[in-house]
Amino acid sequence: LIAGIVSTQLQSLFWSLLGIYLITALLGGSWRWGVYCVLPSALAVLIKFAVMGWLGIPLGVATSMFAAMTLGIGVNCAIHLLEGYRQARATGASHPEASSRSLGLTGPPALINTIAVSLGFGVLMLSQVPANARLGFLLVVGLVNCFIVSLLILPILLHWWPLKSPRGSEAVSPQN
């Protein structure tokens, strides 16, 4: 049973990552946009697997669902931050100014969203069913990780590996 769970978990992670990447790259207008959207959630899932190993939490039927759920919900933060950055750059803001504006405008709503959704799933931690309690814990840890990783990693990526300019004709340099 465990081998089957691990196998299907890896398959679902692959398909979730691919689906999220394709949709965000297509709707965001570039393959790099898709990478930036997927990366924070993917790192959060890796961190969660490390936490599971450290705390001795087994991968079971209920706990195997957390990764795909984290990927799907956690991408929200990255999308908002990237769109805020894109809109700021479209108005002529420099990279540091666009990053600052994006974090200032989308950071607080992303925090509120993370807290609200985490509290909603956090209720599972009160369950008398250990697997459900673990699932709630893992989702809360994953969503908080998505938020933190998005806030820390995306500005650095945008500085060192910028997205194309709003017109799409040339790269937006960090010095502009």
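This report describes the helices, the enclosed cavities and a few individual residues of one protein chain.

The model is predicted, and for that reason local features are reported only where pLDDT is at least 70 and side-chain atom pairs only at pLDDT 80 or more, while totals for chains, interfaces and linings use all residues. Residues are numbered from 1 along each chain as its sequence is written, and side-chain values use heavy atoms, with hydrogens and water left out.

## Overall form

The protein chain has five helices and zero strands, where helices (H or I, at least four residues) and strands (E, at least two) are DSSP runs numbered from the N terminus. Read from the N terminus on, the order of elements is α-α-α-α-α. The radius of gyration of the protein chain is 17 Å, close to the 16 Å that the globule rule gives for 176 residues, so the chain is as compact as a globular protein of that length; this radius is taken over C-alpha atoms, and the globule rule is 2.2 Å times the number of residues to the power 0.38. Along its principal axes, the C-alpha trace of the protein chain spans about 55 × 30 × 25 Å. Of the 176 residues, 43% count as buried, where buried means under 20% relative accessible area, exposed means over 50%, and partly exposed lies in between (1.4 Å probe, protein chains only).

## Three helices and their bends

The expected span of a helix is 1.5 Å times one less than its number of residues, and the bend at a residue is the angle between axes fitted to the seven residues ending there and the seven starting there.

Helix α2 (residues 31-55) has 25 residues that should span 36 Å at 1.5 Å a residue, and its end C-alpha atoms are indeed 36 Å apart. There is a bend of about 30° in α2 at Leu39, and a proline, Pro40, follows within four residues. Several residues of α2 are buried, among them Trp33, Tyr36, Val38, Pro40 and Met52. Leu46, by contrast, belongs to α2 but counts as exposed, because its relative accessibility is 56%. Leu46 and Ala67 are 21 residues apart in sequence, and their C-alpha atoms are 8.9 Å apart in space. After α2 comes Gly56, whose phi is positive, near 70°.

Helix α3 (residues 66-90) also has an expected span of 36 Å for its 25 residues, in agreement with the 36 Å between its end C-alpha atoms. At Gly72, α3 bends by about 25°, and just after the helix Gly92 takes a positive phi of about 95°.

Helix α5 (residues 130-160) has 31 residues and reaches 44 Å from its first C-alpha to its last, close to the expected 45 Å. A kink of about 30° in α5 is centred on Ser150.

## Enclosed spaces

Rolling a probe the size of a water molecule over the atoms shows where empty space is left. On a 1 Å grid over the protein atoms alone, a cavity is a set of points where a 1.4 Å probe fits but cannot get out, and its lining residues have an atom within 4 Å of a point. Grid points are joined across faces, edges and corners, and a volume is the space filled by probe spheres set on the points. The structure holds two cavities of 30 Å³ or more, and their volumes are set out here.

| Cavity | Volume |
|---|---|
| Largest cavity | about 90 Å³ |
| Second largest cavity | about 60 Å³ |

The lining of the largest cavity includes Ile73, Asn76, Thr114, Leu143 and Phe147, and the elements that give two or more residues to this lining are α3, α4 (95-122) and α5. Helix α3 gives the most, with four residues. The lining residues divide into six nonpolar, four polar and no charged, where Ala, Val, Leu, Ile, Met, Phe, Trp, Tyr, Cys and Pro count as nonpolar, Asp, Glu, Lys and Arg as charged, and the others, Gly among them, as polar.

For the second largest cavity, the lining includes Leu81, Tyr85, Ser102, Ser150 and Pro155, and α3, α4 and α5 each supply at least two residues. Here the largest share, four residues, comes from α5, and the lining divides into seven nonpolar, three polar and no charged residues. Ser150, on which the kink in α5 is centred, is thus also among the residues that line this cavity.

## Two buried residues

Leu81, one of the residues that line the second largest cavity, lies in α3 and counts as buried, because its relative accessibility is 5%. The C-alpha atoms of Leu81 and Thr8 are separated by 32 Å, and the two residues are 73 residues apart along the chain. Thr106, in helix α4, counts as buried at 14% relative accessibility.

Terms used: 1 Å grid on protein atoms, 1.4 Å probe; cavity = no way out; pocket = protein on both sides within 12 Å on 5 of 7 lines; lining within 4 Å.
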